[in-house]
Amino acid sequence: MALTGRRPVSENTQCLIALDQAFPVYFVSCYVRPILELNAVTRAYGPRVALDDVSLALEPGELAFLVGPSGAGKTTMLKLINRELRPTSGEVWVDGIAAHTLKTSRVPDLRRRVAVVFQDYKLLPRLTAQENVAFALQVSDLRVSNEEASERALDALDAVGLGDRGESFPSQLSGGQQQRVALARAVVTQPPLLIADEPTGNLDIDTSWEMMDLFADIAASGTAVLIATHNVEIVKRFQRRVLTLVQGRLVRDQPAGRTGRMAWLASS
Amino acid sequence: MAGLLVKGRFPRRHLIQVVASNVFRYLFGGAARSWFRNLGSAAPALSSMTLLLLLAGIVGLTGFALHNIEVVEAGQASLLHVYLRDDAPDAKVNALWDRLAADPRIATVTYTTRAEALARAQRLPGLPALTDATESNPFPASLDARVKSIDDVAAIHNDVRNDNTVDPAYPTSYDQGAYQRIQAVLLGVAVAGFAFLTLLGFVAVTVTINSIRAAIHSRRDEVTIMQLVGAPRWMVRGPFVIEGAITGALSGAVAGLIVFGLTLAAISAGAASFTQFAPGVNVPVAAFAAAIVFATGLGLGSGSSLVSLRKHLES
């Protein structure tokens with residue numbers, strides 16, 4: 001059988017076309033990239049290796065936890081995904097975009113496909129909850145009118161249970177409510193990938209559960225979700241895929257439904 | 001949950017209008033709001049740039065006037081007045097006139113009577129009072145030779161100085177090295193002015209860069225969020241460039257208006273003598289200078305912002 005062509009069908013789909021000469025028939029095999037794919041990624045800060053030869057893939061609708069002790073490389077991995085950093089070697093693919101070779105001028109294209117939630121919410125204090133969400137929507141897409149931005153922002157706030165707090169300023173909201181606003185801002189653009197860096201770090205346990213339920217809902221709607229966390233209880237209870245990083249290496253990739261031992265806790 | 005957000009009920013109408021409105025709001029509105037909010041840090045930039053532009057405008061107009069003076073001086077230096085004795089016979093004067101006219105180094109020769117010489121002197125700055133103070137006309141008649149090359153003026157002076165029709169006490173207007181001295185003075189003034197403006201420009205640009213850095217610092221959360229949600233680079237950087245342009249434009253407008261006003265005041269205060277001390281500087285020239293000052297302010301403000309963005313705003 002002879003390979004006759006290799007054609008990109010879309011940004012994240014590539015097809016191989018082969019001809020069987022015995023039976024003159026074309027065979028077509030297509031490969032669809034996952035939403036997130038890391039291939040042998042290494043990132044070093046000078047002599048210190050923060051991430052060492054890490055490979056993983058995340059499919060649409062999948063929710064995975066990224067765990068590990070402090071300094072294991074969790075935040076570095078999230079920054080590589082969001083193209084705040086470039087890998088020293090290896091490939092980072094996000095929704096078909098090669099983040100590892102992406103020019104600075106094209107970074108906004110990638111950022112529009114990756115929503116980020118932080119431990120410290122990063123809300124603008126001068127804007128109301130609704131304006132915070134609408135702001136993110138409009139600056140990422142100038143075609144969104146004020147009316148559309150307001151309605152979609154309210155819908156997003158409604159979806160996270162804050163439909164009646166749209167006019168509140170961040171200072172008038174609790175930590176959990178602020179994190180929900182941040183989550184509404186992240187999902188209002190309906191990105192294919194959501195990454196969160198210790199999203200429950202500043203929240204009490206009950207609020208944390210509520211937040212995690214929202215993340216699960218988002219994943220159920222088709223968005224791939226990757227959450228870096230220290231919260232063992234949450235990881236255990238949710239029974240989702242767990243990626244364990246220790247000293248920059250991906251030491252364990254447990255599929256959903258099997259939490260297993262948290263060996264990294266010993267060094268945490 | 002996120003599925004709830006897919007409403008699909010927002011048809012994109014009036015796209016150009018919506019995009020223009022958003023661009024205006026986030027780019028220009030954001031820049032204006034931020035500029036007013038950071039007026040404290042923008043004030044030093046505003047004042048130093050206004051001072052720079054004001055001095056640049058004044059130095060520019062002075063330079064223009066000095067350049068015109070140089071042109072006038074060069075023209076006067078190549079015009080050799082051969083002063084005639086009061087008792088010189090007409091025939092001998094005509095003979096000297098013919099000799100000069102036949103000289104290949106000379107372009108033209110004209111005759112100036114004593115009365116014309118007096119009238120010309122009365123037009124020169126400072127001389128009207130002197131000429132009015134005396135009853136008689138102290139100025140001699142002259143043959144005015146326009147010399148083709150300024151280098152030949154000395155040789156022609158030597159040719160005619162001993163002619164018996166020429167005033168033996170003060171034979172010609174030739175003043176050795178006078179033109180070169182004027183050129184040296186003008187060059188000195190130009191170099192000093194340029195050095196001073198360069199220094200002041202460096203200070204103004206540095207202060208503006210710092211004020212933009214302060215603006216970036218005060219809006220760092222907003223910038224971070226814009227970068228995280230994928231706002232285009234021009235939209236993140238644009239407001240700061242416009243903020244710098246606002247500072248530059250305001251400085252330019254104020255400095256330009258002052259330059260224009262000062263020139264108008266000077267022209268109206270001493271209309272006759274002003275044209276002699278600052279030849280060529282008139283109302284249209286002052287307006288043009290004010291426009292250049294404004295444009296320079298706009299460019300300096302925007303340029304300083306760009307430099308600051310490159311230094312302080314990482315993507």
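**View 1. What packs over helix H5 of chain A.** The buried residues of H5(A) are covered by elements that include strand E9 (114–117), H3, H4, strand E10 (193–197) and H6 of chain A. Here helices (H or I, at least four residues) and strands (E, at least two) are DSSP runs, numbered from the N terminus. This is a predicted model, in which local features need pLDDT of at least 70, side-chain atom pairs count only at pLDDT 80 or more, and totals for chains, interfaces and linings use all residues. Residues are numbered from 1 along each chain as its sequence is written, while chains are lettered from A and ligands numbered from 1 in the order in which they are written. Eleven of the 13 residues of H5(A) are buried (20 or more other C-beta atoms within 10 Å of the residue's own, with C-beta atoms placed from the backbone), among them A:Arg180 and A:Leu183.

**View 2. The hairpin of E4(A) and E5(A).** Strands E4 (residues 36–45) and E5 (residues 48–58) of chain A pair in the antiparallel sense over seven bridges; pairing takes at least two bridges found by DSSP. Look for A:Tyr45 opposite A:Arg48 in E5(A). Two residues lie between the strands, and A:Gly46 takes a positive phi near 65 degrees.

**View 3. E4(A) beside E7(A).** E4(A) also pairs with strand E7 (residues 89–94) of chain A, in the antiparallel sense over five bridges. A:Glu37 has A:Trp93 in E7(A) as its bridge partner.

**View 4. Where chain A meets chain B.** Each chain gives 29 residues to the contact (C-beta atoms, placed from the backbone, within 7 Å). On the side of chain A, H4(A) brings the largest share, five residues.

Note on methods. Contact = placed C-beta atoms within 7 Å. Buried ≥ 20, exposed ≤ 12 C-beta atoms within 10 Å, placed from the backbone.
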